[in-house]
Amino acid sequence: LPDLGGARRRRLPQCRLRALQGAAPLRARREGGAPSRGVWSAALGASGGRLCGGDAEAEGEAGADRSRRLARGHQRGGRRRVPRARPLHRPQHCRGERQGPPLPEGSHRNRRPTDGGAGPSPHAFATWHRDAVSTGGRAALPPIPGLETAPFLTNANLFNLDSLPPRLAVLGAGAVALEMAHAFSAFGSAVTVLARSGRLLPREHPKAGEAVAAALREAGVTVRYNATVERVAHTSPEADGFPRITLHAVGGGGGGEAAGECDGGGEEGWALECDALLVATGREPNTGDLGLDAAGVEAGEGGILVDDLLATSNPDVYAAGDVVSGTPRLTHVAGEHAKVAVENALFGGAWRHTSLVVPSVIYTEPEVAMVGMSLAAARAAGVEVEEYSSALAGNDRAILEGEDEEGGFVSILCRRGGDEIVGATVVGSRAGEAINELTLAIHAKVGLAAVARSIHPYPTTGEAVMQAALGFVRARWATMPNGDERDS
């Protein structure tokens, strides 16, 4: 290989603010992984690409151009992917003869007012066979005095920013919080994350949290652990268009050098001033004002209660997506719920949503991908497991891409005494791609021995999955006898 010299892959350097000048704002028409990943891709472009070395000025201009192209592409793609919803009272939706098989005898008929196409009316009704409630979810707001009146951001309006906040505070340390903290730091904001726990990703593999923490630290993000915000205050927008928001908190010691104006620490209280506040402390279902009680649909604080087929307490009403109680609130889960609900509601299917094997990805750099049980979840459930792992430091693709020092790894958990895979964690730049193989293995009940014997092309990150699986095979190799034993 040629001597790359300084052209090593850089870890999200702070970009110049001018890299965003003239860039079209990312105006997302939906809330989910696509806008988050789009912001992250634009952040990489604005930071000048993935390789350092060469002319910094040229890199900055190239990054700015890439950022503008990504923003415009996202806007066009959003319009292309999300068609305008048609009102239900239009003739093709609920007037005239109903399409499809006839209603079964005694079937409950749900009704919506209509006046024959001109608009809603309390005097006429339309009927249909089945309902599906898919009203989604929204950002959950913690009960902090002063927060509701403050000009905070959530994933619903974050993507409508058309200028970069100099100082961004992120309340929460989940997937959205970490992704946006990393991305906005790459854009050039001074970012502070306020985490309630003592480490990042406490429910996942310990090394995953360590890898993300190291990446955020190198990107210049400050993380205040064990922090509790007690109240929020703000002033009117200044000349730069941003308000001055002050978070009054306790705890948060050991967060390292603060990014932004942060005073004090420990239990005595401290204040953090910022220009924008992102609230990313979880999600809650949109179940209000739906008339669920009148329809005989039971719901709790966590969402609508469903059975294995996604049917609610009213057998003619199904629910799908974030509005379902206890479901992982992920875009791809909502999409899968739609398939389950349609098949079961309209075609007499028996597809159980509880049979779904759900992977998840945190789009930081490196990415963190998970499926099935984590070590902590296995211990809590009393499941005895054995762990087989490999580090990306020895993976040739990671070495070629300059990713071998990011703490990446593959960890696979098997039920003790066998090769049944019960969970996996992958940390690396393409972790979201590598986790698909292990998701399929869990879903199809393919043992780890079969994964080990499956040929993986060279050089790919996927080879790290094979290397971790080979650990299972090696652990069961018989020890070769020594010379004396052979002679006897």
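**View 1. Helix α11 and its surroundings in the predicted model.** Nine of the twelve residues of α11 are buried (under 20% relative accessible area with a 1.4 Å probe, protein chains only), so this helix is largely enclosed by the rest of the structure. The model is a predicted one, in which local features need pLDDT of at least 70 and side-chain atom pairs count only at pLDDT 80 or more, while totals for chains, interfaces and linings use all residues. Residues are numbered from 1 along each chain as its sequence is written, and side-chain values use heavy atoms, with hydrogens and water left out. Helix α11 covers residues 463-474 and reaches 16 Å from its first C-alpha to its last, close to the 16 Å expected at 1.5 Å a residue. Among its buried residues are M466, L470 and F472, and what covers the buried residues includes β19 (385-391), β20 (409-415), α9 (431-443) and α10 (448-452).

**View 2. Residue R167 in strand β5.** R167 lies in β5, which spans residues 167-171, and is buried, with a relative accessible area of 15%. The side chain of R167 makes a polar contact (a pair of N or O atoms within 3.5 Å, one able to donate a hydrogen and the other to accept it) with the side chain of D275, at 2.9 Å.

**View 3. The lining of the largest cavity.** The largest cavity (a set of points on a 1 Å grid where a 1.4 Å probe fits but cannot get out) has a volume of about 40 Å³. The elements giving two or more residues to its lining are β20 and β21 (421-428). The lining residues divide into four nonpolar, four polar and no charged.

Terms used. Helices (H or I, at least four residues) and strands (E, at least two) are DSSP runs, numbered from the N terminus. The expected span of a helix is 1.5 Å times one less than its number of residues. Buried means under 20% relative accessible area, exposed over 50%, partly exposed in between (1.4 Å probe, protein chains only). Contact means heavy atoms within 4.5 Å. On a 1 Å grid over the protein atoms alone, a cavity is a set of points where a 1.4 Å probe fits but cannot get out, and a pocket is an open set with protein on both sides within 12 Å along at least five of seven lines; lining residues have an atom within 4 Å of a point. Grid points are joined across faces, edges and corners, and a volume is the space filled by probe spheres set on the points. Ala, Val, Leu, Ile, Met, Phe, Trp, Tyr, Cys and Pro count as nonpolar, Asp, Glu, Lys and Arg as charged, and the others, Gly among them, as polar.
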